[in-house]
Amino acid sequence: MSLIPSFFGGRRSNVFDPFSLDVWDPLKDFPFSNSALSASFPRENSAFVSTRVDWKETPEAHVFKADLPGLKKEEVKVEVEDDRVLQISGERSIEKEDKKDEWHRVERSSGKFLRRFRLPENAKIDQVKASMENGVLTVTVPKEEVKKPEVKSIEISG
């Protein structure tokens, strides 16, 4: 059971995740009615901009999965910065409009996305691997083995 209320999106949220770099945007879904104000604060279609990413930790690795339907692997970038930050970014272009076509509904999103995650100290950032299959990006970050402390018995004299 989640301690985070459903008004944070109904899915697991990273609002209280100490490793997350997500920044809350209070204007994200605010409808701008003034066109001058709207030009000052351009907004992309938020469904794609806020791409959802699952992060699980297994005994061997940290595994990130992002749903990126319709994107090719060439349209997605996975990077690790020096300060142990995993960055996943990309862009879906807007479909070219043909003047002869009449659109009845446009629900698919387009625009740029960027997600950043601070990796824990046990992440092997030089061995990160990424793969894309059926619109799902999987990034695997291996973990360093936890070394068990060696216990040495000391004989007591006397």
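This is a short tour of the structure, one selection at a time.

**Before you start**

You are looking at a predicted model, where local features need pLDDT of at least 70 and side-chain atom pairs count only at pLDDT 80 or more, while totals for chains, interfaces and linings use all residues. Residues are numbered from 1 along each chain as its sequence is written, and side-chain values use heavy atoms, with hydrogens and water left out.

**Stop 1: the whole chain**

Switch to a cartoon view and look for two helices and seven strands. Helices (H or I, at least four residues) and strands (E, at least two) are DSSP runs, numbered from the N terminus. Walk along the sequence and you'll meet them in the order α-α-β-β-β-β-β-β-β.

Now turn on the surface. The accessible surface is about 12,900 Å², and carbon and sulfur atoms own 51% of it; such areas come from the Shrake-Rupley method with a 1.4 Å probe, and for residues only the protein chains shown count as cover. Of the 158 residues, 24% are buried. Buried means under 20% relative accessible area, exposed over 50%, and partly exposed in between (1.4 Å probe, protein chains only).

**Stop 2: the largest nonpolar core**

Select F64, L68, I88, L137 and V139. Within the 15 residues of the largest nonpolar core, these touch the most other members. A nonpolar core here is a set of buried Ala, Val, Leu, Ile, Met, Phe, Trp, Tyr and Cys residues joined through side-chain atoms within 4.5 Å. Which elements give two or more residues to this core? Colour β2 (61-67), β4 (85-92), β5 (111-118) and β7 (136-142) to see them. The largest share, three residues, is from β7.

Zoom in on I88. Skipping neighbours within four places in sequence, I88 is in contact with V76, K77, F113, L114, R115, L137 and V139, where contact means heavy atoms within 4.5 Å.

**Stop 3: two glances at strands**

Pick G90 in strand β4. Is G90 buried or exposed? With a relative accessible area of 14%, G90 is buried. Leaving out residues up to four places away in sequence, G90 touches E75, V76, G111, K112 and F113. Try a distance label too: the C-alpha atoms of G90 and E74 are 9.0 Å apart, with their positions 16 residues apart along the chain.

Next, hop to D67 in strand β2. D67 is partly exposed, at 48% relative accessible area. With residues up to four places away in sequence not counted, D67 touches T51, R52, G135 and V136. From C-alpha to C-alpha, D67 and T51 are separated by 7.2 Å.

**Stop 4: two odd backbone angles**

Most residues other than glycine have a negative phi. R84 has a positive phi of about 65°, and R84 isn't a glycine. Find R84 in the loop between β3 (76-81) and β4. R84 counts as buried, because its relative accessibility is 18%.

N134 is another residue other than glycine with a positive phi, near 55°. Look for N134 in the loop between β6 (129-133) and β7. N134 is exposed, with a relative accessible area of 76%.

**Stop 5: the second largest pocket**

Finish by selecting R92, S93, R108, S109 and S110. What are they closest to? Of the 22 residues lining the second largest pocket, these are the closest to its centre. The lining divides into seven nonpolar, five polar and ten charged residues. Here Ala, Val, Leu, Ile, Met, Phe, Trp, Tyr, Cys and Pro count as nonpolar, Asp, Glu, Lys and Arg as charged, and the others, Gly among them, as polar. On a 1 Å grid over the protein atoms alone, a pocket is an open set of points where a 1.4 Å probe fits, with protein on both sides within 12 Å along at least five of seven lines; lining residues have an atom within 4 Å of a point.
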